[in-house]
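The following exercises concern a structure with more than one chain. Please work through each task before reading its solution.

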Amino acid sequence: MPVGLLVVLAVVVVVALWLLGAYNSLVRLNVRVDEAWSDITVQLKRRADLIPNLIETVKGYATHEKSVFEAVTKARAATISGAALGNPAAAAKAEGDFQGAMKSLFAVAEAYPQLQASQSFLNLQAELTDTEDKIMASRRFYNAGVRDFNTKIKTFPTNLFASSLKFNARAFFEVADLAAIQEAPQVKF
Amino acid sequence: MYSAIAANKRNTVFIIAGFIALLGGIATWWGYASGQGSSAAIIISFVFLYALFQYYAAGSLAIAGTGAIQIQKADNPRLWRIVENLSITEGMPMPKVYIINDDAPNAFATGRDPKHAIVAATSGLLAIMDDSELEGVMAHEMSHVKNFDIRVNTIVFGLVSAVGILADFALRMAFYSNMGNSRNNNNNNDNGFGVVLILVGVVGWIISALIGPLVSAAVSRQREYLADASGAQITHFPPGLAKALEKLKAYGKPMRRKSTSMAHMFISDPIKPTVAERLWSTHPPLDKRIARLNEMGGKF
């Protein structure tokens, strides 16, 4: 009997150690996703800071496009609203609207050659492209973290206890109109 | 994709474990045969210290060896931004960025961990690559940093030197103990010991001079494939790196300041090995790397 007891004890210890390790790695992955999300919000805010200047610059040349400016202003505010910064789904929706509004802003700008040639407009456009690239980069990092975390909690045997410990699948930050973002303002450095 | 990375990591662990077993075996055998286990311990600790020095100084040594110059964002915004965005994608700290003034297109990464990383590109590389190709190359380099390849290289290098020093020591010991024999006419035991020492020395020499570089080159080649794969994974665009490698094949030429010890750090071999040297080459042939990337291309 003592041999049987020892075997049971050993199994219990091994399982306990494994649980400990699995729990810690879940916590680590979860924190990494949080961190990645906060990186995205930093970039989103950085981009939002560029927009008022951009609108002012375009306004200087194109005075009769009030509705476009309003749409961009509204979409900009939505991308950094509390809801968007706290929730990937809301952020993705705001992102889609914002890209649409920016498209029409640049369409307006197309019609004004002087604006296109202005140095401050070009600088802002370059800044914007850079920030868009960084948003895309931080989004990839976030999505990679979500992928790792979700894979972990959904695969056997972690899936047996993950949900009872309140580890729930995280949401990807997927932007519907991805192609539009990737070909957004094309500026060569 | 992921299985390729896992397989490469497994192979590397396997190779290093084999090497450690070999080195440990020789040291024990020698200690046992010579009855001087303490000197084997001294040599191994010396090698360990040397490896430690290498580990901490690798970055600055590499930079000193190539004449690279550190840049800030304003110096080359294009390279800077590409590296910056890659480090965001990877969630790594921004590495130091260097440029080497050399027409030969090449790039390298060094640093013991992502916090002390350095990536460098030659001016030739910046001139011939477009943005997606440059991004592919830099992603490859960032992958070296992320996968701790420099650390692995240092370990392998340390192991090879350890065997070399051990072999050298054994041969010298054999030589001197034979001299002692003839002088003192104190034969039986010592003669057998001298033969063992010579044997150890020769085997050790073969390992350090022939097999060692072979193994370290094999590790390095595995690491190149791995960096290609994870680089492509970062950019989600394998054709970028594949096209860059095509260009390296077409425009590639030996660098002005080259050194064999640095060869493993660059994206394409700065020395251009002949066919006979292929086995000892630190890099897989470009054609094979391009083929693997193209294979990957369809999977994204």
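The model is predicted.

**Exercise 1. Strand pairing in chain B**

Task: Determine which residue of E4(B) is the bridge partner of Ala109(B), and describe how the side chains of E3(B) are directed.

Solution: Strand E3 (residues 107-110) of chain B and strand E4 (residues 118-122) of chain B run antiparallel and are joined by four bridges. Within this pairing, Ala109(B) has Val119(B) as its bridge partner in E4(B). Next, consider the directions: Ala107(B) and Ala109(B) point one way from E3(B), whereas Phe108(B) and Thr110(B) point the other way. All of these residues are buried. Such alternation of side chains between the two faces of the sheet is found in a regular strand.

**Exercise 2. A helix crossing in chain B**

Task: Classify the arrangement of H3(B) and H5(B), and list the residues that make their contact.

Solution: The axes of helix H3 (residues 77-90) of chain B and helix H5 (residues 131-146) of chain B come within 10 Å and cross at roughly 50°. The two helices are therefore oblique to each other. Their crossing is right-handed. H3(B) contributes Ile82(B), Val83(B), Leu86(B), Ser87(B) and Glu90(B) to the contact, and H5(B) contributes Leu134(B), Glu135(B), Met138(B), Ala139(B), Met142(B) and Lys146(B). By class, seven of the contact residues are nonpolar, one is polar and three are charged.

**Exercise 3. The contact between chains**

Task: Identify which helix gives the most to the side of chain A that touches chain B.

Solution: In total, 10 residues of chain A are in contact with eight residues of chain B. Helix H1 (2-61) and helix H6 (119-154) of chain A each supply at least two residues of the chain A side. H6(A) gives the most, with seven residues. The chain A side comprises four nonpolar, one polar and five charged residues.

Technical notes
Residues are numbered from 1 along each chain as its sequence is written. Chains are lettered from A and ligands numbered from 1 in the order in which they are written. This is a predicted model: local features need pLDDT of at least 70, side-chain atom pairs count only at pLDDT 80 or more; totals for chains, interfaces and linings use all residues. Two residues are in contact if their C-beta atoms, placed from the backbone, lie within 7 Å. Ala, Val, Leu, Ile, Met, Phe, Trp, Tyr, Cys and Pro count as nonpolar, Asp, Glu, Lys and Arg as charged, and the others, Gly among them, as polar. A residue is buried if 20 or more other C-beta atoms lie within 10 Å of its own, exposed if 12 or fewer, and partly exposed in between; C-beta atoms are placed from the backbone. Two strands pair if DSSP finds at least two bridges between them. Axes are lines fitted to C-alpha atoms, for helices over the stretch in contact, and angles run from 0 to 180 degrees between N-to-C directions. Angles under 35 degrees count as roughly parallel, over 145 as roughly antiparallel, 65 to 115 as roughly perpendicular and the rest as oblique. A crossing is left-handed if the near helix is turned anticlockwise from the far one by less than a right angle, and right-handed if clockwise.
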